[in-house]
Amino acid sequence: MEHWAKLVTFGWTDPKTEDWAISKFANNIPCESFLLHWSTLENLDLRDRLPDIKVPTLMLIGAEKGGRPKDYTQDIKYVEDSIPGVETIYVQGGEETYYMMDSPEKTSEIITEWIEKHPIT
């Protein structure tokens with residue numbers, strides 16, 4: 001039987017991309033959790049509400065391109081232009097959207113430092 005992660009790679013046909021998906025999803029996320037996550041996000045679009053965010057906001061992005069077929073440059077720019085004062089930090093050693101799995105210690109360090117600079121008042 002094929003690995004479940006290979007079956008949910010959204011039509012990616014490149015074997016390298018499939019291998020990447022299996023390495024990111026299969027070894028870290030239970031199948032049911034992955035499917036629930038993507039089925040929830042599939043039709044969720046809250047972009048029109050981004051300008052309503054009025055609190056300090058941190059956007060983390062992995063610095064490495066990785067094996068994803070999508071280029072997130074325009075999405076990142078859209079968020080930066082839409083949320084007043086958003087701070088974007090690129091996590092070294094982590095892939096764009098999977099930096100938490102690739103660099104958990106660095107991710108935790110960045111978040112901790114950011115929270116210390118932005119205390120709740």
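Which backbone oxygen does the side chain of T57 reach at 2.8 Å? Keep that question in mind while you look over the whole chain, and remember throughout that this is a predicted model.

**The whole chain**

Begin with the protein chain in a cartoon view, where you can find six helices and two strands, running from the N terminus in the order α-α-α-β-α-β-α-α. Of its 121 residues, 30% count as buried, and the accessible surface comes to about 8,300 Å², with 56% of that belonging to carbon and sulfur atoms. If you display contacts between residues at least 6 apart in sequence, 69% of them join residues at least 24 apart.

**T57 and its surroundings**

Now select T57, which sits in the loop between α3 (31–41) and β1 (58–64), and show its side chain together with V55, because the backbone oxygen of V55 is the one that the side chain of T57 reaches, at 2.8 Å. Is T57 buried or exposed? With a relative accessibility of 16%, T57 counts as buried, since the cut-off for that word is under 20% relative accessible area. Leaving out residues up to four places away in sequence, the residues that T57 touches are I83, G85, V86, E87 and W114.

**Along strand β1 to M59**

Move next to M59, which is found in strand β1 and is buried as well, having a relative accessible area of 14%. Once neighbours within four places in sequence are set aside, M59 is in contact with I76, V79, E80, V86, E87, T88 and I89. Select I89 from that list and draw a line between the two C-alpha atoms: M59 and I89 are 30 residues apart in sequence, while the distance in space is 6.4 Å.

**Helix α6**

W114, one of the residues that T57 touches, leads you to helix α6, where W114 is buried along with T107 and I110. These three cover an arc of only 65° around the axis, which puts them on the same side of α6. Turn the helix around and, on the other side, you come to E105 and E116, which are exposed. The helix spans residues 104–117, and its 14 residues reach 20 Å from the first C-alpha to the last, close to the 20 Å expected at 1.5 Å a residue.

**The salt bridges**

How many salt bridges does a search of the whole structure find? The search finds three, and you can visit them in turn, starting in α6, where the side chains of E109 and K106 meet at 3.4 Å, N to O. Both residues lie in that helix, three residues apart, which is about one turn; E109 is partly exposed at 39% relative accessible area, and K106 is partly exposed at 34%.

For the next stop, select helix α4 (residues 73–82), which holds both D81 and K77, four residues apart. Here D81 forms a salt bridge with K77, with 3.0 Å between the closest N and O atoms; D81 counts as exposed at 55% relative accessibility, whereas K77, at 46%, counts as partly exposed. An α-helix has 3.6 residues a turn, so residues three or four places apart point the same way.

Finish with R47 and D45, whose side chains meet in a salt bridge at 2.7 Å, N to O. R47 is partly exposed, with a relative accessible area of 46%, and D45 is likewise partly exposed, at 42% relative accessibility.

How values were computed: Residues numbered from 1 in each chain as written. Predicted model: local features only at pLDDT ≥ 70, side-chain atom pairs only at ≥ 80, totals over all residues. Heavy atoms only, no water. Buried < 20%, exposed > 50% of the residue type's maximum accessible area, 1.4 Å probe, protein only. Polar contact = N/O pair within 3.5 Å; in protein donor to acceptor, adjacent residues only side chain to side chain. Contact = heavy atoms within 4.5 Å. Areas by Shrake-Rupley, 256 points an atom, 1.4 Å probe, with all protein chains shown as cover. Expected span 1.5 Å × (residues − 1). Arc of directions from axis to C-beta. Salt bridge = Lys/Arg side-chain N within 4 Å of Asp/Glu carboxyl O.
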